[in-house]
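Reader: I am new to this structure and would love a close look at one part of it. Could you pick a spot in the chain and walk me through its surroundings?

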Amino acid sequence: MERTALQVSIFGLLLAFGITQPKNDWDIYNFHINCTVSSRYATTIITSRVVNRKDESQEIEFHVRIPKNAFITKFRMLIDGQMYDGVVKAKEAAQQQYSDAVSRGESAGIVSSVGRTLEEFKTSVTVAPLKKVTFELTYEELLKRTLGKYELLIHAQPMQPVQDFKVDVNIQENAGISFIDVKGGLSTGALADAITKTHSDQQATVNFYPTVEQQKSCENCGEAGMNGDLVIVYDVNRGQSLGDVKTSSGYFVHHFAPSELSRIPKNVVFVIDKSGSMHGKKIEQTRTALIRILNDLAEDDFFGLITFDNGVSYWKRELIQATPKHVKSAKEFAGKIRAQGGTNINDALLEGSRMLNENPRNGSASILMLLTDGDPTSGVTDLDTIYSNVMEAIQNKFPLYCLGFGFDVEFSFLEKLSLLNNGVARRIYPDADADLQLKGFYDEVATPLLTDVVMIYIGGTNLTQTNFSQYYNGSEIVVAGQLTDNNIDAFIPRVLANSKNLGIIFSEEGSTTKSTDSNIQRVWAYLTVKQLLEKELQYSGDEKERMKNETLRLSLKYNFVTPLTSMVVTKPTKEKTEVLHKPSEEGPPPPESPSLVLRSPGGGSGGRGPPASPGLKGSMSKLQRRPVSGRSGLPGKRFRGIPYFRATPDFHGYMNSPVVIARESIKESEPVDLPRSPSLSGNFHFVSATSPPGSMHPGDFMPSIAQDFIEQSEPVVIHLPRSPTLSGYFPFVPATSPPVEPQIRFLLPAENQSLPLCFDITASTALRLLHVPSTGLSANGALDGKRGFRVIVVHFNPDITITVNKYGVTANDGQVEQMIPWQAGQEERVIFGSVTVIKRNLEVDITVGETRLIILHHGSAGEEFLWPVLRQRPSDDNAGGILAQKPAVYEDVSTHFLKLKIKDQEVIVSRTMAADYSFSPAVIMPCWLTPAESALQSQLSDFTVLSI
């Protein structure tokens with residue numbers, strides 16, 4: 001049946017709703033936004049109900065834009081009585097599921113674009129004739145106080161009047177609500193009559209229920225319905241100098257925003273990029289904003305003005321008091337700034353730091369502010385060197401704020417540079433109001449009230465950030481944490497800070513309030529994840545990985561879609577799988593109208609494979625080359641390494657938590673649904689004849705999230721990838737049990753089911769991993785008798801063999817043998833015709849035509865083992881082997897016993913756990929344990945080989 005396209009667009013708290021079909025083909029008969037706010041934490045649920053009035057199927061496209069600071073926590077669709085839930089997964093696992101769909105020739109949508117205040121996501125579903133679909137999206141964010149107010153913004157553009165259109169905002173603040181107001185285009189004219197507002201001491205509500213006629217009569221409205229903004233603005237009372245401290249269920253949140261303080265004079269240096277790329281509108285807007293900022297300086301402020309291109313230019317070489325005469329001179333200097341030359345960020349920031357360091361003033365607050373539109377191209381251009389130089393110059397004495405003008409600048413560079421120096425980065429969008437954006441940012445930091453703020457919590461633990469270089473008028477400091485031993489009586493909050501020349505201690509007895517607010521724990525989780533993501537940018541090595549692991553753990557536990565997780569949108573059978581990512585600030589500006597982006601498994605948009613590799617360059621310094629035995633007279637083929645190039649950029653963003661817990665902390669009899677759903681494989685824990693009972697081996701990781709979820713009353717159900725992968729697992733054995741023969745557990749994802757099947761294979765077996773008859777490609781592996789594979793061999797045609805073991809990878813094309821050890825630090829590459837072998841860090845990436853196999857190296861010295869992962873499946877329907885198995889199809893038919901029906905066979909199963917070693921470290925997974933023959937629907941002997 002022919003399908004026509006119906007588009008429904010929803011913009012979260014910043015909302016737009018678009019339809020592209022003629023009238024009467026569809027009907028948005030119900031559209032509700034419900035937002036509840038407590039402890040300044042907003043939870044928004046958007047519900048839209050649409051009916052297909054045509055006598056043929058239509059594809060309804062759900063498009064959502066949410067505030068940048070928000071995390072999506074839930075998405076679901078109700079279609080013909082069946083609920084389809086989106087599932088938050090580790091990003092790499094979600095990407096694997098997406099890649100599997102693409103490799104099967106299915107389309108799969110990943111939308112990730114960024115606007116000023118919005119992030120965009122999209123999915124779609126086919127609705128049968130005269131049927132209905134309900135979309136429901138939930139997201140959460142901590143509201144930020146700016147210039148003395150919190151703000152909720154709703155942008156509505158339904159493109160048709162909606163019979164049942166409602167916006168309900170409910171605000172509950174124990175500190176008391178000082179004022180609430182409603183602004184924006186949708187609060188004027190006839191629509192003003194659709195708004196009702198109530199305000200008591202601690203509670204306020206705003207209801208917006210426009211009739212169909214009112215939706216047509218507002219400014220910018222008409223037959224297409226509303227198009228405008230509804231802005232809800234409020235603030236809370238500031239009665240206590242210590243602020244608002246609330247506790248609930250062992251957690252606390254502290255909102256600190258004292259107002260009865262004297263302003264601190266400031267020392268500010270503006271460092272302005274005047275390189276050639278700033279030519280035209282950018283430099284004009286910069287001059288305009290700078291002149292406005294200079295006009296706002298107080299006379300007891302001191303300031304400096306530096307411009308830079310290839311070199312550095314000054315208005316004055318030292319800080320100057322902001323007298324009317326000096327401000328006039330500086331404005332004349334600013335008006336003559338012209339764009340030319342390169343971008344010497346390093347020298348300019350060092351000079352700005354020097355000016356502040358050489359002109360200290362007691363009782364003042366210093367600020368360094370950088371505006372640039374590009375990356376460093378002159379002077380010192382190495383980013384790590386710039387980071388080091390600027391940190392050494394600033395020495396934590398004052399914050400550095402970085403403003404990136406436009407999209408030519410690498411925003412992550414400015415973000416890291418500012419975070420390393422106690423500041424923040426902000427993108428300035430190259431629009432008509434860019435000068436107002438610049439001025440607006442300055443206004444946020446223009447009035448320091450406190451410096452060197454230290455938040456102290458006796459009886460508190462697992463705290464979010466507690467040290468702040470400065471506190472500005474109209475802002476707010478928020479700290480959350482846990483109560484030690486859940487003891488509120490021993491909990492004492494205190495704040496130390498400097499105000500001009502005075503040290504101040506904020507401390508009040510009885511300032512902590514017990515609350516029933518369930519959001520307090522989520523405020524802690526939200527802040528912790530946000531701050532860990534910032535810290536991860538600043539670190540490298542083990543500390544960086546530790547922060548990634550903890551961020552991922554919390555994101556999965558609290559169902560946050562973050563840069564390390566994605567939401568997989570499950571759909572009715574035979575429809576495409578889609579993945580919603582949290583986008584970053586990097587990249588070009590978003591399209592004017594949102595579009596569905598098709599991304600290849602390699603991460604590029606619109607393609608079906610990884611980008612073309614750059615030309616091969618480099619040396620063979622890390623290779624051991626020797627002629628093949630018996631062929632020493634034949635010429636060898638030259639192998640050349642290339643600089644590191646990751647073919648799958650989306651795969652680098654997450655690592656799982658390597659938290660080791662004792663075996664006894666999990667009861668095997670208690671099933672656990674964990675909020676993780678990557679492709680499955682890995683070793684969990686085992687006791688063998690040579691292992692003491694209860695021993696834990698290096699690399700056997702059980703994320704502490706497992707324990708967290710055991711304690712929860714409602715488990716999180718996960719949806720698994722649509723391609724099989726491997727899992728090594730040795731079951732728990734009680735200390736009194738006799739030794740058992742080690743076995744390794746394999747997992748087989750299931751079609752439209754939350755848990756995979758798993759089965760055991762004796763740990764000394766040689767297995768057929770993959771065989772593709774149409775290409776002659778085969779891969780076999782020998783298990784190591786303990787934990788994983790000891791060797792994996794890939795054969796292609798008669799001559800090409802790739803052997804991977806614990807020592808490294810050996811490539812042989814029948815003429816020359818080339819060996820790359822695991823210790824080789826840089827990326828190394830071998831190309832034999834259509835076979836490409838890339839060794840990068842602790843993985844080997846083997847691509848043969850359309851098939852891509854990854855072999856991961858796990859463990860430390862003496863405990864090494866390998867794990868294969870099929871990243872891209874062959875299209876050959878006759879492909880065989882463990883890795884080529886299709887997802888299992890089963891249904892739960894249990895009565896008194898746990899029983900599944902796998903195809904036509906009823907099988908008694910048990911629930912157990914395994915870990916995924918297709919990632920490093922492993923991810924713990926629940927599964928249904930079945931006999932191997934039942935899971936594979938074949939004899940195990942069909943998957944074994946006598947020789948690899």
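Author: Let's start with a term: a residue is buried when its relative accessible area is under 20%, exposed when over 50%, and partly exposed in between, using a 1.4 Å probe and protein chains only. By that measure, 57% of the 948 residues of the protein chain are buried. What you see is a predicted model, where local features need pLDDT of at least 70 and side-chain atom pairs count only at pLDDT 80 or more, while totals for chains, interfaces and linings use all residues. Residues are numbered from 1 along each chain as its sequence is written, and side-chain values use heavy atoms, leaving out hydrogens and water.

A little more background will help. Helices (H or I, at least four residues) and strands (E, at least two) are DSSP runs, numbered from the N terminus. The protein chain has 12 helices and 52 strands. Contact means heavy atoms within 4.5 Å. Among the contacts in the protein chain with a separation of 6 or more, 70% are between residues 24 or more positions apart.

Now for the close look, at Asn422. You will find Asn422 in the loop between helix 7 (411-419) and strand 24 (425-428). Asn422 counts as partly exposed because its relative accessibility is 36%. Its backbone is worth a glance too. Most residues other than glycine have a negative phi. Asn422, which is not a glycine, has a positive phi near 65°.

Who are the neighbours of Asn422? Apart from residues within four places in sequence, Asn422 is in contact with Asn396, Pro399 and Ser469. With Asn396 there is a side-chain to side-chain polar contact of 3.1 Å; such a contact is a pair of N or O atoms within 3.5 Å, and within protein one must be able to donate a hydrogen and the other to accept it, with residues adjacent in sequence counting only if both atoms are side-chain atoms. Leu400 is 22 residues away from Asn422 along the chain, yet their C-alpha atoms are 6.6 Å apart.

Next, step back to helix 7, on one side of that loop. Helix 7 packs against helix 9 (residues 519-538) at an angle of about 100°, with the axes 9 Å apart. The axes are lines fitted to C-alpha atoms, for helices over the stretch in contact, and angles run from 0 to 180 degrees between N-to-C directions. Helix 7 is therefore roughly perpendicular to helix 9, a label for angles of 65 to 115 degrees; under 35 is roughly parallel, over 145 roughly antiparallel, and the rest oblique. In this contact, Glu415, Lys416 and Leu419 of helix 7 meet Glu534, Leu537 and Gln538 of helix 9.

On the other side of the loop is strand 24, and this strand leads us to helix 8 (residues 434-444). Strand 24 is among the elements that cover the buried residues of helix 8, which also include helix 3 and strand 27 (467-472). Helix 8 is mostly covered, with eight of its 11 residues buried. Those buried residues include Leu438, Phe441 and Tyr442, along with Asp435 and Lys439.

For a last comparison, turn to Arg40, in the loop between strand 2 (26-38) and strand 3 (41-52). Arg40 is not a glycine either, and has a positive phi of about 65°. Arg40 counts as buried because its relative accessibility is 1%, whereas Asn422 is partly exposed.
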